[in-house]
Amino acid sequence: MDKRFDKAIEEIQKGKKFLVVSHVSPEGDAVGSLLGVALALRSIGKDATAYLEDPVPDLFKFLPGAETVVHSLEGAGPFDATFAVDCGQRERLGKGFVNLKAPGRVVNIDHHATNDCFGDVNVIVPDASAAGELVYDLCKAADIPINRDIAVNLYVAIHTDTGSFRYSSATSEAFIKAGELVRLGAEPWDISRRVYENHPARKYKLLGMVLSTLDIIDAANGGAEGNHSPKIATLVVTKDMFRQTGAEKDQADGFVNYARGIEGVDVGVLFRETGQEEYKVSMRSKGDVDVAEISQGFGGGGHRNAAGFTMKGSLDFVKTEVVAIIKERMRAALKV
Ligand code: AMP
Ligand code: MN
């Protein structure tokens, strides 16, 4: 018996009216887990409001239930309980939620090691490949049948958060659960076609501009070790690039992987201009450099190999600060 969800299940049994929330700038795991919980609750006759501060990215609008997501909580509630999924900090759930008067008891279900346990009930499992994997476990523990619509959402959550089963998070558990979700009705090719082979041309125009900002920085002292020394690769995306191409901000999600994907590069960084002298910093590492730890130092969070935060300052300032810390941690971690 899976006891981890006992308190969460108690809330489900006690309540009638639920709120389900996930983080700002939602990606596949956020949207899939959110809708997985909402559809599971609705399937057993509960009232579930699904809320995201930001819009559902176009790529995920096909997910069953996506059309029911609301983006304002004005006048909403009171709720018996709120399920927060895939989110390490309350503030990342967005202003609408933070200002909500009566969210009820908050059940925090997440897989970020940096989660600060903001819930009244906290189920934090850093070994889980995706929050979607935990929603799968919750459904099993609560005896809620996973119907086709729930399966599609949870499959997308696991598939996207493991980088299509390429990352170290792609454990045998992740494969087994994904396999079960396919058995329950998720169709891999149909989903892949919609998520990975369906990009608007303006995204490629944006990518072209972003790739032209590529900077490869030698991380070893003095760079004396030439090609064999570890490297940091940076990319930049500005508001002006979004304006010029007409691309939406979530269309730069994933571009940071092009930086990490370069031979000899240990850490890839994408700086995305989000406001006047403000940048969202996304980091991806290959091995021993813990970017979640670096992110936490800047008030953000994430996973060992994928983390992010927001920082104020000019691009020059932000880049210099971030690169300096990464270099320091890289030298310590890689012993160069
Ligand atoms: P991203 O670079 O936005 O794709 O995020 C990579 C990972 O870091 C994800 O697991 C995010 O949940 C986490 N993350 C990104 N930005 C923040 C932030 N400002 N605070 C906490 N965690 C973050
Ligand atoms: Mn996740």
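Student: Which residues are closest to ligand 1?
Tutor: In this predicted model, 14 residues surround ligand 1, and the closest are Gln-89, His-112, Lys-280, Ser-282 and Arg-284.

Student: What makes the Ser-282 pair a polar contact?
Tutor: The cut-off is 3.5 Å between N or O atoms. A polar side-chain atom of Ser-282 lies 2.6 Å from an oxygen atom of ligand 1, so the pair counts as a polar contact. His-303 offers a side-chain N or O atom at 3.4 Å from a ligand 1 oxygen, and Gly-308 has a backbone N or O atom at 3.2 Å from one. The protein covers 84% of the 470 Å² of accessible area that ligand 1 has on its own.

Student: Why is ligand 1 said to lie between domain 1 and domain 2?
Tutor: Because domain 1 (3–196) and domain 2 (202–334) both give residues to its shell.

Student: Which element gives the most to that shell around ligand 1?
Tutor: That is S11, with four residues.

Student: Now the metal. What makes Asp-29 a donor of the manganese ion (ligand 2)?
Tutor: A donor atom must be within 2.8 Å of the metal. Asp-29 (OD), Asp-86 (OD), His-111 (NE2) and Asp-161 (OD) coordinate the manganese ion at 2.1 to 2.3 Å, so they qualify as donors. Asp-29 lies in helix H2 (residues 28–43) and Asp-86 in the loop between strand S3 (81–85) and helix H3 (95–98), so the pair ties together parts 57 residues apart in sequence.

Student: How do you know whether Asp-86 is buried or exposed?
Tutor: Buried means under 20% relative accessible area. Asp-86 has 1%, so Asp-86 is buried. Asp-29, at 0% relative accessibility, counts as buried too.

Terms used:
Residues numbered from 1 in each chain as written. Chains lettered and ligands numbered in written order. Predicted model: local features only at pLDDT ≥ 70, side-chain atom pairs only at ≥ 80, totals over all residues. Heavy atoms only, no water. Donors = N, O, S within 2.8 Å, 3.2 Å for Na, K, Ca; no water. Helix = DSSP H or I, 4+ residues; strand = E, 2+ residues; numbered from the N terminus. Buried < 20%, exposed > 50% of the residue type's maximum accessible area, 1.4 Å probe, protein only. Near = heavy atom within 4 Å. Polar contact = N/O pair within 3.5 Å; in protein donor to acceptor, adjacent residues only side chain to side chain. Areas by Shrake-Rupley, 256 points an atom, 1.4 Å probe, with all protein chains shown as cover. Domains from an automatic or database assignment.
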